[in-house]
Amino acid sequence: MPEPDPAQTGRSPATPSDAARKAELEAALAAAPADRARRSAYYEHLFRLAATHAGLATVVLPELMAPLYFRTGTPDISMLAAVYRDESLAIEMRATPQRILVIGAYAGYTTVDLARRHPRAALLAVEPLADNFRLLSANTTPYRHVRVAQTALWHSATRLAANGRYQADWAVRLTDEGPDSERVISAMAPGDLLMRAGWSGTADMVVCDAAGAEREIFADPLAPWLRNLDVALVRVHEQLAAGAGAAVSACFDEATFERRSHAGMELFLRRTPLTALPPAPPEWPLLRAEPGLAPFSLRDVAPYAWAFFVFDGTNCQLHPNPPGGVPARAIFPVLLAGHTRFASGLHHAGAPPAAPVLFGASVQREDGSVLARAEATLTSRETGMLAFALPDGASGPARVVLQTELASGVPHNQLAWARFIEPKLT
(Lines give C-alpha, C1' and ligand atoms only; values in the text may rest on other atoms or scores of the structure.)
Protein backbone atom coordinates (compact mmCIF):
# COMPACT_ATOMS: atom_id res chain seq x y z
CA MET A 1 0.00 0.00 0.00
CA PRO A 2 1.57 3.33 -1.03
CA GLU A 3 2.25 5.92 1.65
CA PRO A 4 -0.06 8.98 1.68
CA ASP A 5 1.19 12.13 0.01
CA PRO A 6 2.18 14.66 2.72
CA ALA A 7 0.85 17.47 0.52
CA GLN A 8 -2.60 15.87 0.60
CA THR A 9 -2.60 15.11 4.34
CA GLY A 10 -1.26 18.53 5.33
CA ARG A 11 1.38 16.90 7.49
CA SER A 12 5.13 16.73 7.04
CA PRO A 13 6.92 13.39 6.88
CA ALA A 14 9.55 12.60 9.49
CA THR A 15 12.91 13.79 8.19
CA PRO A 16 16.46 13.50 9.49
CA SER A 17 16.51 17.29 9.79
CA ASP A 18 13.82 17.16 12.51
CA ALA A 19 15.98 14.96 14.72
CA ALA A 20 19.12 16.93 13.90
CA ARG A 21 17.43 20.23 14.74
CA LYS A 22 16.15 18.79 18.01
CA ALA A 23 19.65 17.60 18.98
CA GLU A 24 21.09 20.98 18.02
CA LEU A 25 18.61 22.83 20.22
CA GLU A 26 19.23 20.45 23.12
CA ALA A 27 22.98 21.05 22.89
CA ALA A 28 22.44 24.81 22.80
CA LEU A 29 20.16 24.68 25.83
CA ALA A 30 22.61 22.52 27.77
CA ALA A 31 25.30 25.13 27.10
CA ALA A 32 23.10 28.00 28.32
CA PRO A 33 20.28 26.63 30.54
CA ALA A 34 19.06 30.10 31.55
CA ASP A 35 18.76 31.41 27.98
CA ARG A 36 15.03 31.99 27.57
CA ALA A 37 15.25 32.44 23.82
CA ARG A 38 16.91 29.04 23.40
CA ARG A 39 14.37 27.41 25.68
CA SER A 40 11.52 29.01 23.76
CA ALA A 41 12.95 27.83 20.43
CA TYR A 42 13.30 24.30 21.80
CA TYR A 43 9.68 24.11 22.91
CA GLU A 44 8.51 25.62 19.63
CA HIS A 45 10.27 22.79 17.80
CA LEU A 46 8.77 20.18 20.15
CA PHE A 47 5.28 21.53 19.58
CA ARG A 48 5.84 21.30 15.84
CA LEU A 49 7.03 17.72 16.13
CA ALA A 50 4.05 16.84 18.29
CA ALA A 51 1.64 18.31 15.74
CA THR A 52 3.18 16.70 12.66
CA HIS A 53 4.34 13.25 13.76
CA ALA A 54 3.04 10.17 15.51
CA GLY A 55 5.05 8.16 18.00
CA LEU A 56 7.02 8.43 21.22
CA ALA A 57 9.60 11.20 21.57
CA THR A 58 11.85 12.59 24.29
CA VAL A 59 12.47 15.95 25.90
CA VAL A 60 16.02 16.57 27.18
CA LEU A 61 16.26 19.38 29.74
CA PRO A 62 19.44 20.49 31.53
CA GLU A 63 17.70 20.62 34.91
CA LEU A 64 16.69 16.93 34.77
CA MET A 65 18.86 13.86 35.23
CA ALA A 66 17.07 11.89 32.50
CA PRO A 67 14.99 12.53 29.35
CA LEU A 68 11.20 12.64 29.59
CA TYR A 69 9.03 10.71 27.16
CA PHE A 70 6.01 12.29 25.49
CA ARG A 71 3.48 11.04 22.96
CA THR A 72 3.07 13.12 19.83
CA GLY A 73 -0.45 13.97 18.71
CA THR A 74 -1.59 14.24 22.36
CA PRO A 75 -1.73 16.94 25.09
CA ASP A 76 1.55 15.56 26.51
CA ILE A 77 3.74 18.34 25.16
CA SER A 78 1.32 21.02 26.41
CA MET A 79 1.35 19.50 29.88
CA LEU A 80 5.12 19.16 29.82
CA ALA A 81 5.60 22.77 28.70
CA ALA A 82 3.28 24.03 31.43
CA VAL A 83 5.45 22.35 34.06
CA TYR A 84 8.97 23.00 32.72
CA ARG A 85 8.65 26.05 30.49
CA ASP A 86 5.99 27.95 32.42
CA GLU A 87 7.04 26.56 35.85
CA SER A 88 3.54 25.78 37.07
CA LEU A 89 4.97 24.20 40.24
CA ALA A 90 7.15 27.16 41.22
CA ILE A 91 5.37 27.67 44.53
CA GLU A 92 6.79 29.76 47.35
CA MET A 93 6.70 27.13 50.07
CA ARG A 94 6.34 27.67 53.79
CA ALA A 95 6.34 23.97 54.55
CA THR A 96 8.98 21.31 53.89
CA PRO A 97 6.92 18.36 52.65
CA GLN A 98 8.32 14.92 53.40
CA ARG A 99 5.48 12.92 51.80
CA ILE A 100 3.89 14.11 48.58
CA LEU A 101 0.83 12.47 47.00
CA VAL A 102 0.22 13.15 43.29
CA ILE A 103 -3.32 12.26 42.19
CA GLY A 104 -3.97 11.99 38.48
CA ALA A 105 -0.23 11.82 37.80
CA TYR A 106 -0.82 11.36 34.05
CA ALA A 107 2.56 10.79 32.31
CA GLY A 108 4.69 11.90 35.28
CA TYR A 109 5.70 15.44 34.32
CA THR A 110 4.39 16.99 37.54
CA THR A 111 5.78 14.13 39.62
CA VAL A 112 9.29 14.45 38.20
CA ASP A 113 9.34 18.22 38.77
CA LEU A 114 8.19 17.74 42.36
CA ALA A 115 10.91 15.10 42.82
CA ARG A 116 13.45 17.64 41.54
CA ARG A 117 12.18 20.43 43.76
CA HIS A 118 11.88 18.22 46.87
CA PRO A 119 14.77 15.74 46.68
CA ARG A 120 14.35 14.63 50.30
CA ALA A 121 10.63 13.93 50.06
CA ALA A 122 9.03 10.58 49.31
CA LEU A 123 6.52 10.79 46.46
CA LEU A 124 3.59 8.54 45.60
CA ALA A 125 2.11 9.10 42.13
CA VAL A 126 -1.32 7.66 41.33
CA GLU A 127 -2.70 7.16 37.81
CA PRO A 128 -5.61 4.88 36.83
CA LEU A 129 -5.32 4.71 33.02
CA ALA A 130 -3.05 1.97 31.69
CA ASP A 131 -1.40 3.88 28.83
CA ASN A 132 -0.70 6.89 31.03
CA PHE A 133 0.62 4.62 33.76
CA ARG A 134 3.14 2.99 31.44
CA LEU A 135 4.57 6.39 30.57
CA LEU A 136 4.43 7.51 34.21
CA SER A 137 6.46 4.45 35.18
CA ALA A 138 9.06 5.10 32.48
CA ASN A 139 9.45 8.79 33.32
CA THR A 140 9.76 8.29 37.09
CA THR A 141 12.02 5.20 37.07
CA PRO A 142 15.26 7.27 37.46
CA TYR A 143 13.97 8.77 40.73
CA ARG A 144 14.32 6.36 43.61
CA HIS A 145 12.22 8.44 45.99
CA VAL A 146 9.17 8.11 43.71
CA ARG A 147 6.69 5.25 43.86
CA VAL A 148 3.78 4.77 41.49
CA ALA A 149 0.39 3.06 41.82
CA GLN A 150 -2.09 2.20 39.08
CA THR A 151 -5.39 2.97 40.73
CA ALA A 152 -8.05 5.65 40.90
CA LEU A 153 -8.89 7.47 44.13
CA TRP A 154 -12.49 7.90 45.28
CA HIS A 155 -14.32 8.46 48.55
CA SER A 156 -14.35 4.68 49.13
CA ALA A 157 -13.21 1.43 47.52
CA THR A 158 -15.15 0.67 44.36
CA ARG A 159 -14.84 0.08 40.62
CA LEU A 160 -15.20 2.86 38.08
CA ALA A 161 -16.00 3.30 34.41
CA ALA A 162 -14.82 5.93 31.94
CA ASN A 163 -17.80 8.23 31.38
CA GLY A 164 -16.29 10.68 28.92
CA ARG A 165 -13.05 11.52 27.14
CA TYR A 166 -12.56 15.26 26.86
CA GLN A 167 -8.93 15.58 25.79
CA ALA A 168 -7.11 12.41 24.71
CA ASP A 169 -5.95 10.49 27.81
CA TRP A 170 -5.54 13.62 29.91
CA ALA A 171 -9.13 14.49 30.83
CA VAL A 172 -11.11 11.25 31.24
CA ARG A 173 -14.07 11.54 33.59
CA LEU A 174 -14.63 8.47 35.77
CA THR A 175 -17.92 7.38 37.33
CA ASP A 176 -19.09 4.74 39.79
CA GLU A 177 -22.38 4.37 37.94
CA GLY A 178 -23.23 2.09 35.02
CA PRO A 179 -23.16 -1.67 34.38
CA ASP A 180 -20.54 -3.82 36.10
CA SER A 181 -19.10 -4.85 32.74
CA GLU A 182 -17.97 -1.26 32.13
CA ARG A 183 -16.64 -0.58 35.62
CA VAL A 184 -13.19 -2.03 35.11
CA ILE A 185 -11.01 0.57 36.86
CA SER A 186 -10.23 -0.13 40.51
CA ALA A 187 -10.48 2.72 42.99
CA MET A 188 -9.74 3.15 46.66
CA ALA A 189 -9.95 5.80 49.36
CA PRO A 190 -6.89 8.09 49.74
CA GLY A 191 -6.37 7.12 53.37
CA ASP A 192 -6.30 3.41 52.52
CA LEU A 193 -3.70 4.01 49.81
CA LEU A 194 -1.54 6.06 52.18
CA MET A 195 -1.76 3.35 54.84
CA ARG A 196 -0.59 0.77 52.30
CA ALA A 197 2.30 3.08 51.42
CA GLY A 198 3.41 3.05 55.06
CA TRP A 199 2.65 6.74 55.52
CA SER A 200 0.35 6.29 58.53
CA GLY A 201 -2.58 7.26 56.34
CA THR A 202 -1.50 10.88 55.78
CA ALA A 203 0.61 13.09 53.50
CA ASP A 204 2.17 16.57 53.86
CA MET A 205 1.37 17.74 50.34
CA VAL A 206 -1.13 16.72 47.68
CA VAL A 207 -1.26 17.71 44.02
CA CYS A 208 -4.51 16.68 42.34
CA ASP A 209 -5.58 16.87 38.69
CA ALA A 210 -8.30 14.24 38.47
CA ALA A 211 -10.75 15.39 35.72
CA GLY A 212 -13.65 15.94 38.11
CA ALA A 213 -12.91 13.10 40.53
CA GLU A 214 -11.71 15.74 43.00
CA ARG A 215 -15.37 16.04 44.03
CA GLU A 216 -15.32 12.46 45.29
CA ILE A 217 -11.72 12.47 46.53
CA PHE A 218 -12.36 15.49 48.78
CA ALA A 219 -15.93 14.46 49.64
CA ASP A 220 -15.28 14.26 53.40
CA PRO A 221 -13.75 17.37 55.03
CA LEU A 222 -13.10 15.34 58.19
CA ALA A 223 -11.28 12.49 56.46
CA PRO A 224 -8.18 11.56 58.53
CA TRP A 225 -5.89 11.61 55.48
CA LEU A 226 -6.34 15.41 55.27
CA ARG A 227 -5.29 16.24 58.83
CA ASN A 228 -1.51 16.62 58.22
CA LEU A 229 -1.66 18.43 54.89
CA ASP A 230 0.40 21.61 54.73
CA VAL A 231 -0.02 22.18 50.99
CA ALA A 232 -2.73 21.24 48.50
CA LEU A 233 -2.71 22.16 44.80
CA VAL A 234 -5.95 21.10 43.13
CA ARG A 235 -7.25 21.62 39.61
CA VAL A 236 -11.02 22.02 39.92
CA HIS A 237 -13.09 20.73 36.97
CA GLU A 238 -16.45 22.28 37.80
CA GLN A 239 -17.62 21.80 34.21
CA LEU A 240 -17.08 18.05 34.49
CA ALA A 241 -18.36 17.59 38.04
CA ALA A 242 -20.78 20.18 39.41
CA GLY A 243 -19.99 20.93 43.03
CA ALA A 244 -16.32 19.95 42.77
CA GLY A 245 -15.14 23.41 43.82
CA ALA A 246 -17.35 23.47 46.90
CA ALA A 247 -16.26 19.99 47.95
CA VAL A 248 -12.57 20.91 47.72
CA SER A 249 -12.99 24.25 49.49
CA ALA A 250 -14.84 22.65 52.39
CA CYS A 251 -11.72 20.62 53.23
CA PHE A 252 -9.55 23.69 53.86
CA ASP A 253 -10.80 26.04 56.55
CA GLU A 254 -9.98 29.69 55.83
CA ALA A 255 -8.70 30.23 59.36
CA THR A 256 -6.12 27.49 58.87
CA PHE A 257 -5.30 27.72 55.16
CA GLU A 258 -4.53 30.61 52.88
CA ARG A 259 -6.13 30.16 49.45
CA ARG A 260 -4.96 31.57 46.15
CA SER A 261 -5.11 30.74 42.44
CA HIS A 262 -1.93 29.38 40.88
CA ALA A 263 -1.38 28.26 37.27
CA GLY A 264 -5.07 27.52 36.77
CA MET A 265 -5.29 25.53 40.01
CA GLU A 266 -6.41 26.23 43.56
CA LEU A 267 -3.55 26.45 46.04
CA PHE A 268 -4.13 25.96 49.77
CA LEU A 269 -1.23 26.78 52.13
CA ARG A 270 -1.40 26.09 55.85
CA ARG A 271 -0.75 29.41 57.56
CA THR A 272 1.47 27.78 60.19
CA PRO A 273 3.00 24.63 58.66
CA LEU A 274 3.10 21.41 60.63
CA THR A 275 6.29 20.34 58.84
CA ALA A 276 8.78 23.17 58.38
CA LEU A 277 12.42 22.11 58.51
CA PRO A 278 15.54 24.26 58.19
CA PRO A 279 17.25 24.18 54.78
CA ALA A 280 19.39 21.10 54.29
CA PRO A 281 22.14 20.38 51.76
CA PRO A 282 21.26 17.97 48.99
CA GLU A 283 22.00 14.35 49.77
CA TRP A 284 25.10 13.23 47.85
CA PRO A 285 25.26 9.47 47.21
CA LEU A 286 28.76 8.49 46.08
CA LEU A 287 27.35 5.68 43.94
CA ARG A 288 24.12 6.00 42.04
CA ALA A 289 22.01 3.98 39.63
CA GLU A 290 20.25 6.98 38.11
CA PRO A 291 21.17 8.33 34.66
CA GLY A 292 24.16 10.63 34.46
CA LEU A 293 27.85 10.09 35.08
CA ALA A 294 29.44 10.67 38.48
CA PRO A 295 33.24 10.34 38.23
CA PHE A 296 35.47 8.42 40.61
CA SER A 297 38.96 6.90 40.47
CA LEU A 298 40.63 3.81 41.86
CA ARG A 299 44.09 3.70 43.39
CA ASP A 300 46.16 0.62 44.26
CA VAL A 301 43.30 -1.72 43.37
CA ALA A 302 44.17 -5.13 41.91
CA PRO A 303 43.32 -5.56 38.19
CA TYR A 304 40.71 -8.26 38.73
CA ALA A 305 36.95 -8.18 38.20
CA TRP A 306 36.27 -8.97 41.86
CA ALA A 307 38.70 -6.33 43.21
CA PHE A 308 36.22 -3.51 42.65
CA PHE A 309 32.65 -3.53 41.37
CA VAL A 310 29.39 -1.66 41.90
CA PHE A 311 26.26 -3.64 42.73
CA ASP A 312 22.60 -2.80 43.35
CA GLY A 313 23.35 0.67 42.02
CA THR A 314 24.51 2.26 45.28
CA ASN A 315 26.97 -0.25 46.80
CA CYS A 316 30.49 -1.38 45.95
CA GLN A 317 33.04 -4.06 46.75
CA LEU A 318 36.60 -2.85 47.42
CA HIS A 319 38.87 -5.84 47.99
CA PRO A 320 41.89 -5.31 50.28
CA ASN A 321 45.38 -5.99 48.97
CA PRO A 322 47.53 -8.89 50.27
CA PRO A 323 49.27 -8.63 53.67
CA GLY A 324 51.81 -5.83 53.75
CA GLY A 325 50.27 -4.05 50.78
CA VAL A 326 49.00 -0.49 50.65
CA PRO A 327 45.26 0.18 51.16
CA ALA A 328 42.96 -0.22 48.18
CA ARG A 329 41.18 3.09 47.63
CA ALA A 330 38.21 4.50 45.71
CA ILE A 331 38.19 8.31 45.44
CA PHE A 332 35.05 10.35 44.75
CA PRO A 333 35.13 14.09 43.91
CA VAL A 334 32.34 15.98 45.71
CA LEU A 335 31.22 19.57 46.17
CA LEU A 336 30.47 20.26 49.82
CA ALA A 337 27.56 22.64 50.40
CA GLY A 338 27.01 22.63 54.14
CA HIS A 339 27.04 18.84 54.39
CA THR A 340 27.40 17.75 57.98
CA ARG A 341 27.73 13.97 57.95
CA PHE A 342 29.19 11.00 56.09
CA ALA A 343 27.68 7.55 56.55
CA SER A 344 28.05 4.14 54.93
CA GLY A 345 26.91 0.67 55.77
CA LEU A 346 29.63 -2.00 55.85
CA HIS A 347 29.55 -5.71 55.08
CA HIS A 348 32.27 -8.33 55.21
CA ALA A 349 30.69 -10.84 52.83
CA GLY A 350 33.42 -13.47 52.93
CA ALA A 351 32.90 -16.85 54.52
CA PRO A 352 35.35 -18.31 57.04
CA PRO A 353 38.36 -18.52 56.99
CA ALA A 354 38.29 -14.99 55.51
CA ALA A 355 40.54 -12.55 57.34
CA PRO A 356 39.20 -9.47 59.19
CA VAL A 357 39.11 -6.26 57.15
CA LEU A 358 39.85 -2.71 58.28
CA PHE A 359 37.42 -0.33 56.54
CA GLY A 360 38.24 3.37 56.37
CA ALA A 361 36.63 6.54 55.03
CA SER A 362 37.74 10.16 55.01
CA VAL A 363 36.70 13.50 53.58
CA GLN A 364 39.64 15.53 52.31
CA ARG A 365 40.26 18.91 50.80
CA GLU A 366 41.80 18.98 47.34
CA ASP A 367 45.21 19.63 48.93
CA GLY A 368 44.94 16.35 50.86
CA SER A 369 44.16 17.85 54.28
CA VAL A 370 41.67 15.67 56.15
CA LEU A 371 38.41 17.21 57.36
CA ALA A 372 37.20 14.06 59.11
CA ARG A 373 37.73 10.30 59.03
CA ALA A 374 36.76 7.02 60.72
CA GLU A 375 37.70 3.32 60.68
CA ALA A 376 36.02 0.06 61.60
CA THR A 377 37.15 -3.58 61.59
CA LEU A 378 34.75 -6.32 60.54
CA THR A 379 35.18 -10.07 60.69
CA SER A 380 33.73 -12.69 58.35
CA ARG A 381 29.97 -12.31 57.67
CA GLU A 382 29.75 -9.24 59.91
CA THR A 383 27.86 -6.03 59.08
CA GLY A 384 28.41 -2.57 60.53
CA MET A 385 28.30 1.19 60.02
CA LEU A 386 30.91 3.85 59.40
CA ALA A 387 29.80 7.43 60.14
CA PHE A 388 31.32 10.72 61.20
CA ALA A 389 30.46 14.40 61.42
CA LEU A 390 31.98 17.11 59.23
CA PRO A 391 33.04 20.54 60.50
CA ASP A 392 30.28 23.15 60.52
CA GLY A 393 30.07 25.13 57.33
CA ALA A 394 32.11 22.72 55.22
CA SER A 395 31.86 23.82 51.61
CA GLY A 396 33.71 23.77 48.32
CA PRO A 397 35.49 21.08 46.28
CA ALA A 398 36.57 18.01 48.23
CA ARG A 399 36.90 14.26 47.87
CA VAL A 400 35.66 11.23 49.75
CA VAL A 401 38.16 8.39 50.03
CA LEU A 402 36.97 4.86 50.77
CA GLN A 403 39.65 2.32 51.56
CA THR A 404 40.14 -1.22 52.77
CA GLU A 405 43.13 -3.16 54.10
CA LEU A 406 43.67 -6.34 56.03
CA ALA A 407 43.72 -6.23 59.79
CA SER A 408 47.28 -6.53 61.17
CA GLY A 409 48.86 -9.95 61.43
CA VAL A 410 46.58 -11.87 59.05
CA PRO A 411 48.17 -14.27 56.54
CA HIS A 412 46.14 -13.73 53.34
CA ASN A 413 43.35 -11.71 51.70
CA GLN A 414 41.37 -14.61 50.28
CA LEU A 415 37.56 -14.21 50.53
CA ALA A 416 37.98 -10.82 52.22
CA TRP A 417 34.96 -9.45 50.35
CA ALA A 418 34.78 -5.92 51.74
CA ARG A 419 31.67 -3.95 50.78
CA PHE A 420 30.48 -0.36 51.32
CA ILE A 421 26.68 -0.08 51.42
CA GLU A 422 25.13 3.20 50.21
CA PRO A 423 27.99 5.57 51.13
CA LYS A 424 26.75 9.17 51.09
CA LEU A 425 27.08 12.70 52.42
CA THR A 426 24.12 14.44 54.03
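Student: What makes the largest cavity a cavity, and how much space lies in it?

Tutor: About 190 Å³ of space lies in the largest cavity of this predicted model. A 1.4 Å probe fits there but cannot get out, so the space counts as a cavity.

Student: How many cavities of 30 Å³ or more does a search of the whole structure find?

Tutor: The search finds one.

Student: Which residues lie nearest the centre of the largest cavity?

Tutor: G104, E127, P128, D209 and A210 do, out of 20 lining residues. Two elements, β6 (152–153) and β8 (171–175), each give two or more residues to that lining. By class, the lining has 14 nonpolar, three polar and three charged residues.

Student: What makes the largest pocket a pocket rather than a cavity?

Tutor: A pocket is an open set of points, whereas a probe in a cavity cannot get out. The largest pocket has a volume of about 970 Å³. Its lining takes in 30 residues, with M65, P119, E283, P285 and E290 nearest the centre. Elements giving two or more of the lining residues are α5 (109–117), β14 (284–285), β18 (328–337) and β24 (418–425). The largest share, three residues, comes from β24. The lining divides into 18 nonpolar, three polar and nine charged residues.

Student: How do you know that α5 is mostly covered?

Tutor: Seven of its nine residues are buried. They are Y109, T110, T111, V112, D113, L114 and A115. Each of these falls under 20% relative accessible area, the cut-off for buried.

Student: Why is the contact between E216 and R173 called a salt bridge?

Tutor: The closest N and O atoms of E216 and R173 are 3.7 Å apart. The cut-off is 4 Å, so the pair qualifies. Side chains of opposite charge can pair when their charged atoms come close.

Student: What does the pair tie together?

Tutor: E216 lies in helix α8 (residues 214–217) and R173 in strand β8, so the salt bridge ties together parts that are 43 residues apart in sequence.

Student: Are E216 and R173 buried or exposed?

Tutor: E216 has a relative accessible area of 10%, so it is buried. R173 has 6%, so R173 is buried too.

Student: What makes E266 buried and R259 partly exposed?

Tutor: E266 has a relative accessible area of 17%, under the 20% cut-off, so it is buried. R259 has 43%, which lies between 20% and 50%, so R259 is partly exposed. The two form a salt bridge, with the closest N and O atoms 3.0 Å apart.

Student: How do you know that E258 and R260 form a salt bridge?

Tutor: Their side chains meet at 2.7 Å, N to O. That is within 4 Å, so the pair counts. R260 is partly exposed, with a relative accessible area of 32%.

Student: How many salt bridges does the structure hold, and which residues are linked in a network?

Tutor: The structure holds 23 salt bridges. R71, D76, D131 and R134 are linked in a network of them.

Student: Why can L298 be part of a nonpolar patch?

Tutor: Patch residues need over 30% relative accessible area. L298 has 40%, so it passes that cut-off. F296, L298 and V310 form the patch, with about 240 Å² of accessible area together. L298 itself lies in strand β15 (residues 297–299).

Key:
Residues are numbered from 1 along each chain as its sequence is written. This is a predicted model: local features need pLDDT of at least 70, side-chain atom pairs count only at pLDDT 80 or more; totals for chains, interfaces and linings use all residues. Side-chain values use heavy atoms; hydrogens and water are left out. On a 1 Å grid over the protein atoms alone, a cavity is a set of points where a 1.4 Å probe fits but cannot get out, and a pocket is an open set with protein on both sides within 12 Å along at least five of seven lines; lining residues have an atom within 4 Å of a point. Grid points are joined across faces, edges and corners, and a volume is the space filled by probe spheres set on the points. Helices (H or I, at least four residues) and strands (E, at least two) are DSSP runs, numbered from the N terminus. Ala, Val, Leu, Ile, Met, Phe, Trp, Tyr, Cys and Pro count as nonpolar, Asp, Glu, Lys and Arg as charged, and the others, Gly among them, as polar. Buried means under 20% relative accessible area, exposed over 50%, partly exposed in between (1.4 Å probe, protein chains only). Patches are made of residues with over 30% relative accessible area and no salt bridge: like charges are joined within 9 Å, nonpolar side chains (Val, Leu, Ile, Met, Phe, Trp, Tyr) within 5 Å. Accessible areas come from the Shrake-Rupley method with a 1.4 Å probe; for residues, only the protein chains shown count as cover.
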